[in-house]
Amino acid sequence: MSSRILTVPNMLTVFRMVLIPVFVTLLFYRRFSLALAVFILAGLTDGLDGLLARRFGQQSQLGTVLDPIADKLMLVTAFIVLSMRSIFPQPVPNPFPCPFLVTVALNNLHVFIIFGPSAIHHMTGFRGFRPSWLGKLNTTVQIGGIAAIMFAASVPYYTGYYLPTVYVAVFALAVLSGLHYIFFASRLMNEDRKHGAPPESASEGLEN
C-alpha cells in the first residue's frame, strides 16, 4: 500500500467528487438526460480507478479512504435531490419518499460504514472486511434506482407502475445490508478472536 497522493486512480476519484455539483446542477435545471450521462460517467470512473490501481500497483492509503466516500456522497446526494418534488416537471412522478431517503442516507453515511473498518483495524488488528455480495447488490440496486427515477423524470408516463417497486427494492436492500453489516461484522470478529487467526486470514467481510 503506497502513501502516494498524486496517482491516476486518486485523480479519477477526485474527478468523480467534482462531478457531484455538476450532476446536481443539471438536475435542478431539469436536464435529466445530461444528468444521467454524468451519473454514468461517474460510475465508469469508479470502475476505472480500481482497475488502474490494481493493474499498475497504484493502490494508496488515500485512495482507500476517498473512493468509498466519493461513492456514498454521489448516491446520497442523488437520492436527496431526487426526493424533491420541485425537481420534476409536470406530470410529476412520485419523488423518492422521505422515510426511505433517511434509511438510505443512514445506510450510506453511517460512521461504521465509512470509519468502522479503519477504526476496528486500529483497535483490534482485524482486517477481514471486504465487500460482500449483499453490499454489492445494495449498491447496484441504488444505482439502478437513481437511473430509473431520472428516466421517469424524462419520460413521466406510467411511472406509477414501476417507481413504487423501485423505491421498495432500494429501501429493503438498504435495511437488509445495514443489518447484515452489524451482525455479520460482529460474527467475523468473534470467530477471528476465537480461533486466534492472524488478522489477514479472515476470508470474508462486508461493505455497504
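**Exercise 1. Work out the order of the elements along the chain, and count the helices and strands.**

Start at the N terminus and walk along: the elements run α-α-α-α-α-α-α-α. That comes to eight helices and zero strands. Helices here are DSSP runs of H or I with at least four residues, strands are runs of E with at least two, and both are numbered from the N terminus. A quick word on what you're looking at: this is a predicted model, where local features need pLDDT of at least 70, side-chain atom pairs count only at pLDDT 80 or more, and totals for chains, interfaces and linings use all residues. Residues are numbered from 1 along each chain as its sequence is written, and side-chain values use heavy atoms, with hydrogens and water left out.

**Exercise 2. Find out how helix 1 and helix 2 are oriented to each other.**

Step one: get the axes, which are lines fitted to C-alpha atoms, for helices over the stretch in contact; angles between N-to-C directions run from 0 to 180 degrees. The two axes come within 9 Å and cross at roughly 170°.

Step two: sort the angle. Under 35 degrees is roughly parallel, over 145 roughly antiparallel, 65 to 115 roughly perpendicular, and the rest oblique. Helix 1 and helix 2 are therefore roughly antiparallel.

Step three: look at who takes part. The contact has 19 nonpolar, two polar and three charged residues. (Nonpolar covers Ala, Val, Leu, Ile, Met, Phe, Trp, Tyr, Cys and Pro; charged covers Asp, Glu, Lys and Arg; the others, Gly among them, are polar.)

**Exercise 3. Do the same for helix 2 (residues 32-55) and helix 7 (residues 133-154).**

Their axes come within 9 Å and cross at roughly 165°. So helix 2 is roughly antiparallel to helix 7. Next, list the contacts, meaning heavy atoms within 4.5 Å. Phe32, Ser33, Ala35, Leu36 and Phe39 from helix 2 meet Ile143, Ile146, Ala147, Met150, Ala153 and Ser154 from helix 7. Sorted by type, that gives nine nonpolar, two polar and no charged residues.

**Exercise 4. Count the aromatic pairs and describe the one between Phe23 and Phe39.**

First, the rule: rings of Phe, Tyr and Trp (its six-membered ring) pair if their centres lie within 6.5 Å, with planes under 30 degrees apart called stacked, over 60 edge-to-face, and the rest tilted. The count comes to five aromatic pairs. Phe23 and Phe39 sit 5.7 Å centre to centre with 35° between the planes, which makes the pair tilted. Phe23 is in helix 1 (residues 8-28) and Phe39 in helix 2, 16 residues apart.

Now check burial: buried is under 20% relative accessible area, exposed over 50%, partly exposed in between (1.4 Å probe, protein chains only). Phe23 has 0%, so Phe23 is buried. Phe39 has 8%, so Phe39 is buried too.

**Exercise 5. Place Phe79 and Phe96, and find their ring cluster.**

This pair is tilted, with 4.7 Å centre to centre and 40° between the planes. Phe79 lies in helix 3 (residues 61-82) and Phe96 in the loop between helix 3 and helix 4 (98-109), so the pair ties together parts 17 residues apart in sequence. Both are buried. Ring pairs link Phe79, Phe96, Phe100, Tyr167 and Phe171 into a cluster.

**Exercise 6. Is Leu66 buried or exposed, and which residues does Leu66 touch?**

Leu66 is in helix 3. At 18% relative accessibility, Leu66 counts as buried. Leaving out residues up to four places away in sequence, Leu66 touches Thr13, Val14 and Met17. The C-alpha atoms of Leu66 and Met17 are separated by 9.2 Å, although the two residues are 49 apart along the chain.
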